[in-house]
Amino acid sequence: MPELGPVLLTLALATITTLLLLIIGTPLAWWLAYTRSRFKPVIEAVTALPLVLPPTVLGFYLLVLFSPNASLGSFWVTVTGTTLAFSFTGLVVASMLYSLPFMVQPLQTAFEAVGREPLEAAATLGASPRDAFYSVAAPMATRGFITASVLTFAHTIGEFGVVLMVGGNIPGRTKVISIAIYEHVETLNYGEAHVLSAGLLVFSFAVLFAVYALNRRAPLHVG
Amino acid sequence: MSDDPVLFIDVRIAIEAFELAVKHELPLTGVTALFGHSGSGKTTLLRAFAGLERGAQGRIAFNGEVWQDTSPSRVFLPPEQRAVGYVFQDARLFPHLTVEGNLAFAEQRASGRGEAIERKAVLARFGLEPLLARHPSTLSGGERQRVAIARALLTRPRLLLMDEPLSALDARRRAEILPYIARLPADFGVPVVYVTHAVDEVAYLADSMIVLSEGRKVADGPVAETLARLDLGPATGRFEAGVVLEASVASHDHVYQLTELVLGQAALFVPLIDAPAGTVVRLRVRARDVALAIRRPEEITSRNILEGKILEIVEESQTAFAETLVDVEGGRIRARITRQAVAELNLTAGVNVFAVIKSISLAGGVSTVVAAADGDV
């Protein structure tokens, strides 16, 4: 019987990260999809950075930022009395950065596919921009929201390097599945490692299969 | 200036190298055509009326209510606060909603500032009952535009803006929908501004027109007068240029399937139409379908020959042709003839001529055309 702690912790981290990124990533993707600003390429590049940076680099900088000697870290300590580094909150912040492109890029593509035309039509029918977002753009981009959420969730579950740098290996707080597997291998506990690894493998395949099957399906009057 | 409600516009819009600058007082009655070739700026101007061109400078006021004024203050009502309906060239129905959902979207957001337009009346007028459960992707082009027009009406607009709504349709579908559009002001009490590059649509629908060319207004006025102007050249179309006449139905000949019309004192014949005697019909006569003769031609197949006097001749030095305007009883007719003919027949203003009309098309005023008007009479 594998220990459930890391599994539950991982699911909690992935869920919270996905929900927070939906809130932050949607307006960012919206802006990127519709802006004519010359800063767009800069923001796009920054958003895509976590795709190419080694997770250890991202983790290293975050660790430095989280340190009570840095402004962000000391601010956090002042406000909450705890440090960001080696905490669950710190992991959430790190995961959000790490998974940002997986939320923003599918959403941006989906909004670009919607285009300005339906929004103009909505405006001439009396819809305010907010109304048009909820009643036209979001429903038309439903599949983009599903893809972005699933990928973000799955990607967060699979992260390792950033967690190791920022979170360490504290049972119940930062010890997620990937860390647990690493620890089992280190201690030559291959049986437990097999169970967790096979679980992640099957889960990841199921998620990707679901995303591709969803994208293959006929557009059913949407997008 | 009259006291009738008008849409006052004085706008400038710069899009890259193109600049549109138009000042006009547009009557808020009937159908007004915004006419011009592609690239003349007519769609951009229409979008500015709706508030879809954020970069538009200048002033737009609807019957005294300021929609935008960029100097000295910065007033810009967004589209959703202008209470106008807009029918896009590509319909733009929402793909995630059924026809019923699209119509409900408009109804729920209706401004209540325009005429009280009833859903039932709109559904009946556009024959939409059978389509309500369908998704836009399953509709034909003509059906989509009917839904789009109905959807725009259900917002209870104070002004309906239409951007070439028929341009994607074939001739038959266009002919089906044109009568619906022509009757919108009368049926629903909403004035229409109609963007088009098709002279036949202007002839059919519009009461007045504005001619745009390269971002400037080059002419405006009642349709019959404006289409009869020779000085506008290519702005009113070379190949499709022509005039609009109003004649009344005199009698029907069922043996030969012809209807006799009266224009002034003269008789005109068109393929049988389904309209009682006395009905006024609008006719369109293209300049290229008219020949001129000094003496009344005899033993000729054309049935429609009108006597008149040349008012004006404009020779096109770059082409073989000359545009002539002939005053006939009950109207004016344009004829596109060769410059060589002008020289050989000594044609000039004041000369009496006979206009031989090879083809007349009905441009409106009749509900049903029984016989398709193919072939020349």
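Here a trainee and a mentor talk through a predicted model and how some of its features get their labels.

Trainee: Let's start with chain B. What makes chain B as compact as a globular protein of that length?

Mentor: First, its make-up: the secondary structure of chain B comes to nine helices and 21 strands. The radius of gyration of chain B is 22 Å, and the globule rule gives 21 Å for 377 residues; those values are close, so chain B counts as compact as a globular protein of that length. Along the principal axes, its C-alpha atoms fill a box of roughly 65 × 50 × 40 Å.

Trainee: How many of the residues in chain B are buried?

Mentor: 44% of the 377. To be in that group, a residue needs 20 or more other C-beta atoms within 10 Å of its own.

Trainee: Now B:Asn63. Why is B:Asn63 called exposed?

Mentor: The cut-off for exposed is 12 or fewer other C-beta atoms within 10 Å. B:Asn63 has 12, so it is exposed. You'll find B:Asn63 in the loop between β4 (57–62) and β5 (65–69) of chain B. Its phi is near 50°, a positive value in a residue other than glycine.

Trainee: What makes a positive phi worth pointing out in a residue other than glycine?

Mentor: Most residues other than glycine have a negative phi. B:Gln257 is not a glycine either, and has a positive phi of about 55°.

Trainee: Where is B:Gln257, and how do you know whether it is buried or exposed?

Mentor: B:Gln257 lies in the loop between β12 (242–253) and β13 (258–263) of chain B. With 11 other C-beta atoms within 10 Å, B:Gln257 falls under the exposed cut-off of 12 or fewer, so exposed is the word.

Trainee: Over to chain A. How do α1 (residues 5–34) and α8 (residues 142–157) of chain A pack?

Mentor: At an angle of about 140°, with their axes 9 Å apart.

Trainee: Why is α1(A) called oblique to α8(A)?

Mentor: Roughly antiparallel needs an angle over 145 degrees, and roughly perpendicular runs from 65 to 115, so an angle between those ranges is oblique. That is why α1(A) is oblique to α8(A). The crossing is right-handed. Among the residues making the contact are A:Leu13 and A:Leu21 of α1(A), and A:Phe153 of α8(A). By class, the contact has six nonpolar, six polar and no charged residues.

Trainee: And which helix gives the most to the side of chain A that touches chain B?

Mentor: 16 residues of chain A are in contact with 22 residues of chain B. α6(A) gives the most to that side of chain A, with six residues.

How values were computed: Residues are numbered from 1 along each chain as its sequence is written. Chains are lettered from A and ligands numbered from 1 in the order in which they are written. This is a predicted model: local features need pLDDT of at least 70, side-chain atom pairs count only at pLDDT 80 or more; totals for chains, interfaces and linings use all residues. Helices (H or I, at least four residues) and strands (E, at least two) are DSSP runs, numbered from the N terminus. The radius of gyration is taken over C-alpha atoms; the globule rule is 2.2 Å times the number of residues to the power 0.38. Two residues are in contact if their C-beta atoms, placed from the backbone, lie within 7 Å. Axes are lines fitted to C-alpha atoms, for helices over the stretch in contact, and angles run from 0 to 180 degrees between N-to-C directions. Angles under 35 degrees count as roughly parallel, over 145 as roughly antiparallel, 65 to 115 as roughly perpendicular and the rest as oblique. A crossing is left-handed if the near helix is turned anticlockwise from the far one by less than a right angle, and right-handed if clockwise. Ala, Val, Leu, Ile, Met, Phe, Trp, Tyr, Cys and Pro count as nonpolar, Asp, Glu, Lys and Arg as charged, and the others, Gly among them, as polar.
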